[in-house]
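I opened a fresh page for this protein. My plan is to go from the sheet to the helices, then to a few single residues.

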Amino acid sequence: MEPPFKFTLIHQPQDGVWKGGEFRFLVSIGSSYPIDPPSVRYVGPNRMWHPNIEGEDKPSAATEGWGVCLDVTRAAWRPHLQLKHIAFGITILFTKPNVDDALPGDCKIAAQQLKENEAAFNSKTQQWMKGRYVN
């Protein structure tokens, strides 16, 4: 089995609560691509306050970053899809987070806060983007 091909995808939202941030994602393409989807991990630079992008204390060295809940890399993946669909999916996570399919831990709390108090969610998101991890 040949090693996976890896590259970093950088997303810089042009509007919304994450505007002004720079978010890096590690995309790994294994030898079974396109039958199996690429793996996508969030790699920083800071933790995320987001329902679908994990931001626990420290990423696992074994996983090379934090989790990303992106349907196109799971159940919705089909071999005819391309990497542009992954990039588009990441863009959507920043414009319309999926509060009904949150990752566990802080992500579930972020989803609940976004549903119940968007202003508080936006404030906490801005703090976390600056590396200030407040409760």
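**Entry 1: what pairing means here.** I start with a term: two strands pair if DSSP finds at least two bridges between them. The model is predicted, and I keep that in mind throughout. With the term settled, I looked up F7, and its bridge partner in β2 is V27.

**Entry 2: the overall plan.** I counted the elements next. The protein has three helices and three strands. Along the sequence they follow the pattern β-β-β-α-α-α. I also checked burial across the 135 residues, and 39% of them count as buried. Then I turned to contacts between residues at least 6 apart in sequence. Of these, 53% join residues at least 24 apart.

**Entry 3: the sheet.** In what order do the three strands of the open sheet lie? I read the order as β1-β2-β3, with antiparallel pairing. β1 (5-11) and β3 (39-44) are the edge strands, and each pairs on one side only. I noted the turn between neighbouring strands too: it averages 25°, direction ignored.

I took the two pairings one by one. β1 and β2 (residues 23-29) run antiparallel and share seven bridges. Within that pairing, L9 stands opposite F25 in β2. On the other side, five bridges join β2 to β3, again in the antiparallel sense. There I found S28 with S39 of β3 as its bridge partner.

How many of the seven residues of β2 are buried? I got six, so β2 is largely enclosed by the rest of the structure. I added a general reminder for myself: in a regular strand the side chains alternate between the two faces of the sheet.

**Entry 4: H11.** I picked one residue of β1 for a closer look, and H11 lies in that strand. Is H11 buried or exposed? Its relative accessibility is 13%, and the cut-off for buried is under 20%. H11 therefore counts as buried. I listed its contacts, leaving out residues up to four places away in sequence. H11 touches G21, E22, F23 and F25, and also I90, T91 and F94.

**Entry 5: the helix over the sheet.** Which strands does α1 lie across? I found that α1 (residues 83-95) lies across β1, β2 and β3. Its direction is at about 35° to β1.

**Entry 6: the helix pair.** I moved on to α2 (residues 106-116) and α3 (residues 118-129). They pack at an angle of about 135°, with their axes 6 Å apart. An angle over 145 degrees would count as roughly antiparallel, and 65 to 115 as roughly perpendicular. The angle fits neither class, and α2 and α3 are therefore oblique to each other.

I wrote down who meets whom. From α2 come D106, A110, Q113, L114 and E116. From α3 come E118, A120, F121, K124 and W128. I sorted the residues of this contact by kind: five are nonpolar, one is polar and four are charged.

**Entry 7: the cysteines.** How many disulfides does the structure hold? I found zero. I wanted the reason, and looked at C69. Its sulfur is 8.5 Å from the closest cysteine sulfur, in C107, and that is too far for a bond. The cut-off for a disulfide is within 2.5 Å. C107 is likewise in no disulfide, with the sulfur of C69 as its nearest. I checked burial as well. C69 has 6% relative accessibility and counts as buried. C107 is buried too, at 1%.

**Entry 8: two loop residues.** I ended with the loops. A102 sits in the loop between α1 and α2. A102 is buried, with a relative accessible area of 14%. Setting aside neighbours within four places in sequence, A102 is in contact with P51, N52, C107, K108 and A111. I also looked up E54, which is 48 residues from A102 along the chain. The C-alpha atoms of A102 and E54 are separated by 9.2 Å.

S32 is in the loop between β2 and β3. At a relative accessible area of 34%, S32 is partly exposed. S32 and P4 are 28 residues apart along the chain, and I read 9.3 Å between their C-alpha atoms.

Methods:
Residues are numbered from 1 along each chain as its sequence is written. This is a predicted model: local features need pLDDT of at least 70, side-chain atom pairs count only at pLDDT 80 or more; totals for chains, interfaces and linings use all residues. Side-chain values use heavy atoms; hydrogens and water are left out. Helices (H or I, at least four residues) and strands (E, at least two) are DSSP runs, numbered from the N terminus. Axes are lines fitted to C-alpha atoms, for helices over the stretch in contact, and angles run from 0 to 180 degrees between N-to-C directions. Contact means heavy atoms within 4.5 Å. Angles under 35 degrees count as roughly parallel, over 145 as roughly antiparallel, 65 to 115 as roughly perpendicular and the rest as oblique. Ala, Val, Leu, Ile, Met, Phe, Trp, Tyr, Cys and Pro count as nonpolar, Asp, Glu, Lys and Arg as charged, and the others, Gly among them, as polar. Buried means under 20% relative accessible area, exposed over 50%, partly exposed in between (1.4 Å probe, protein chains only).
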